[in-house]
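Student: I would like a careful look at one charged pair, set in the context of its surroundings. Please give every cut-off along with the terms you use.

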Amino acid sequence: MQDGRAPRIKNRAPAAIQITAEQLLREAQERQETAFRAPKQRVEDFEELHEYRGRKRKEFEERIRRTRGSIKEWLQYANWEASQNEFARSRSIFERALDVDPRSVQLWLSYTEMELKSRNVQHARNLFDRAVTLLPRVDQLWYKYVYLEELLQNVSGARQVFERWMKWEPDDKAWQAYIKLEERYQELDRASTIYERWIAIRPEPRVWVKWGKFEEDRARLDKAREVFQTALQFYGDDEEQVEKAQAVFSAFAKMETRLKEYERARVIYKFALARIPRSKSAALYASYTKFEKQHGTRNTLESTVLGKRRIQYEEELAHDGRNYDVWFDYARLEEGAWRDLKDEGATQEEEDAAAGRVREVYERAVAQVPPGGEKRHWRRYIFLWLDYALFEEIETKDYPRARQIYQTAMTLVPHKQFTFAKLWLMFAKFEVRRLELPAARKILGSGIGMCPKEALFKGYIDLEIELREFDRARQLYEKYLEYDPANSPAWIKYAELESQLQDFARTQAIFELGVSQSPLSMPEVLWKAYIDFEIEEGEREIARALYERLVALSGHVKVWISYALFEAEPIPVLRAIREEEEQEDEDDEEKEARTVPGDPILARQVFERGYKDMKSKGLKDERVALLAVWKTFEENNGTASDVARVEGMMPIVGKRRVVDKETGQTVEDWDMVFADDERESNPTSFKFLQMAHAWKKKQAA
């Protein structure tokens with residue numbers, strides 16, 4: 001198009017013949033032009049051969065003249081001359097290239113390879129000799145040189161090459177290759193001497209281990225032990241050196257295990273583990289654990305497993321000291337070890353040492369105070385104090401120490417910012433168990449005065465109720481409701497207490513005071529408890545009045561349904577009458593309690609009032625919910641005409657078109673059309689809609 005816009009596609013239907021991606025790729029491959037290939041030349045006589053060689057040499061000379069430093073060009077030139085069996089010319093080119101870059105390893109290797117291919121072994125030896133003299137730190141040249149000599153069965157020559165190489169103190173692989181050479185020709189004493197020279201140059205643990213294993217494999221057990229003992233003397237008793245020599249200790253112990261010298265192996269393990277910190281000897285501990293599982297007793301095995309887990313926990317705590325989950329696991333481990341010792345009948349000193357380890361872990365754990373003043377950081381930490389106090393109280397019976405732990409924890413928590421009700425309650429219950437009731441009440445009173453909290457009130461009230469101090473419980477409930485008058489469950493619990501104490505006037509007064517509070521959390525719970533209490537008392541009129549107040553206050557559909565069902569259901573007779581009948585019929589235990597029947601007519605009236613209220617508010621879903629319960633009620637208590645009347649009030653679900661306010665488009669939506677609403681607003685269309693639905697039902701039938 002002229003204005004630059006894309007043309008409009010009129011026909012959007014798919015093409016009759018569809019092309020796949022595979023077909024496109026195949027066609028692209030088929031249409032590619034073949035690459036150019038140089039024509040093959042055939043040489044018929046020597047004259048053409050000389051002409052061809054001269055032309056190629058001229059090309060190569062031009063290329064190396066332009067790029068003199070390119071080793072690739074030199075190699076191509078030299079290899080081409082070698083392919084023409086012009087070895088003298090090839091050597092000349094290689095020598096010219098070495099003048100350009102005498103340190104090129106690739107050049108030396110290609111040069112020697114050319115000589116070996118042409119079976120010029122002496123030339124190759126001379127080249128390797130020149131190469132290793134010039135580049136003694138290039139291991140590849142030495143390996144090639146040694147391989148050539150051994151290939152020619154010149155073992156003494158290979159040994160001489162290795163000796164020259166060893167003067168340069170190469171890496172471990174070179175020493176290992178020299179030893180393998182001697183092993184191949186059964187020169188084991190020479191190999192042992194090489195190990196000794198290797199140790200003198202590089203005294204590392206893995207070299208000692210290799211030497212000891214070598215001596216063990218050739219059945220020189222005394223020599224193997226001598227090697228390991230020399231290694232241990234070399235490293236000494238210093239902690240850092242012993243840590244470095246863990247591999248030597250492990251290999252020495254494993255060798256003794258293979259030789260069935262279990263006590264010697266155990267002594268070696270214990271010697272090393274006693275000098276290495278637990279956090280740095282995990283691998284050695286793993287080996288020791290495996291050894292004890294196979295060859296140890298039950299006690300030694302358990303102590304080994306404990307040590308291994310201690311190392312694991314110490315490593316995790318070194319990484320993150322405030323990982324409280326690890327502290328919990330560590331403390332449980334030490335407590336379990338203490339209990340096992342106690343059950344096995346250990347001495348008092350051993351039990352005290354184990355208890356000391358438990359206390360040490362707890363003291364280290366509680367020293368990791370959380371940073372900042374946020375409660376979420378303290379939630380796990382505070383349980384360390386609680387577990388510590390419970391251990392001292394229950395396990396060791398050290399009650400003064402347990403009390404001191406609780407007091408220290410109390411002073412540590414910043415109660416002005418946040419507090420922990422569990423800490424206050426457990427401290428108070430500890431004092432109760434010690435029969436110190438005044439101290440327990442003082443602790444809980446201090447907690448409520450310093451930082452009032454719902455859980456603290458509940459715990460204190462439960463304590464006083466368990467002690468049958470009901471007057472104190474009443475005082476606490478009063479303080480509780482002064483602190484939080486909007487707490488519906490607190491009002492309910494207070495009323496339940498008075499009901500249990502048979503003081504029903506106080507119960508009714510508490511409920512009345514509770515529902516009169518203006519802001520209430522979950523007021524429906526308090527109203528329901530109040531109504532249930534009056535129903536239990538047999539006061540239908542008072543309960544009806546409460547429902548009327550609640551309907552006026554809330555008007556929720558659930559309240560109307562509950563009100564209507566209340567009118568229909570029977571309730572117990574008045575409490576005074578029940579108590580008289582119970583006194584008269586004490587002997588007749590199977591006699592059922594007498595009830596006052598409900599009134600379906602009043603229930604139906606409540607349903608009608610609720611339906612009209614929902615209708616006036618325009619609440620369609622609530623009307624449907626009310627009608628569903630009403631229909632069930634009529635099916636159980638009414639006649640067929642009553643059920644049909646309620647069914648006639650059920651809405652008809654249909655579609656209607658509305659304009660979406662956001663998009664401005666006309667959309668279809670499901671709508672519920674109530675018979676009475678449509679009859680009042682559009683009597684003609686309602687009659688037509690009713691006839692249409694009747695016809696649809698008839699067709700379906």
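With which residue does Arg 332 form a salt bridge, and how far apart are the closest N and O atoms?

Tutor: The model is a predicted one, in which local features need pLDDT of at least 70 and side-chain atom pairs count only at pLDDT 80 or more, whereas totals for chains, interfaces and linings use all residues. Residues are numbered from 1 along each chain as its sequence is written, and side-chain values use heavy atoms, with hydrogens and water left out.

The partner of Arg 332 is Asp 329, and their closest N and O atoms are 3.1 Å apart; a salt bridge here is a side-chain nitrogen of Lys or Arg within 4 Å of a carboxyl oxygen of Asp or Glu. Side chains of opposite charge can pair when their charged atoms come close. Both residues belong to helix 18 (residues 324-343), where they sit three residues apart, about one turn of the helix. Helices are DSSP runs (H or I, at least four residues), as are strands (E, at least two), and both are numbered from the N terminus. Arg 332, at 52% relative accessibility, counts as exposed, while Asp 329, at 32%, counts as partly exposed; the scale calls a residue buried under 20% relative accessible area, exposed over 50%, and partly exposed in between (1.4 Å probe, protein chains only).

For the wider setting, the protein chain holds 36 helices and four strands, and 38% of its 701 residues count as buried. A search of the whole structure finds 47 salt bridges. One of them joins the side chains of Asp 129 and Arg 164, with 2.7 Å from N to O. Because Asp 129 is in helix 6 (residues 121-134) and Arg 164 is in helix 8 (residues 155-166), this pair ties together parts that are 35 residues apart in sequence. Asp 129 is partly exposed at 30% relative accessibility, and Arg 164 is also partly exposed, with a relative accessible area of 29%.

Another salt bridge brings together the side chains of Glu 548 and Arg 609, at 2.9 Å from N to O. Glu 548 lies in helix 29 and Arg 609 in helix 32 (residues 600-617), so the pair links parts that are 61 residues apart in sequence. Glu 548 has a relative accessible area of 28% and is partly exposed; Arg 609, with 37%, is partly exposed as well. Elsewhere, salt bridges that share partners join Asp 471, Arg 474, Glu 498, Asp 503 and Arg 506 into one network.

Helix 29 also helps to line a pocket. The second largest pocket holds about 450 Å³ of space, and among its 20 lining residues the closest to its centre are Lys 528, Tyr 547, Leu 550, Val 559 and Ser 562. A pocket, on a 1 Å grid over the protein atoms alone, is an open set of points where a 1.4 Å probe fits, with protein on both sides within 12 Å along at least five of seven lines, and lining residues have an atom within 4 Å of a point. Grid points are joined across faces, edges and corners, and the volume is the space filled by probe spheres set on the points. Helix 28 (523-537), helix 29 (540-553) and helix 30 (557-568) each supply at least two residues of this lining, and helix 28 gives the most, with seven residues.
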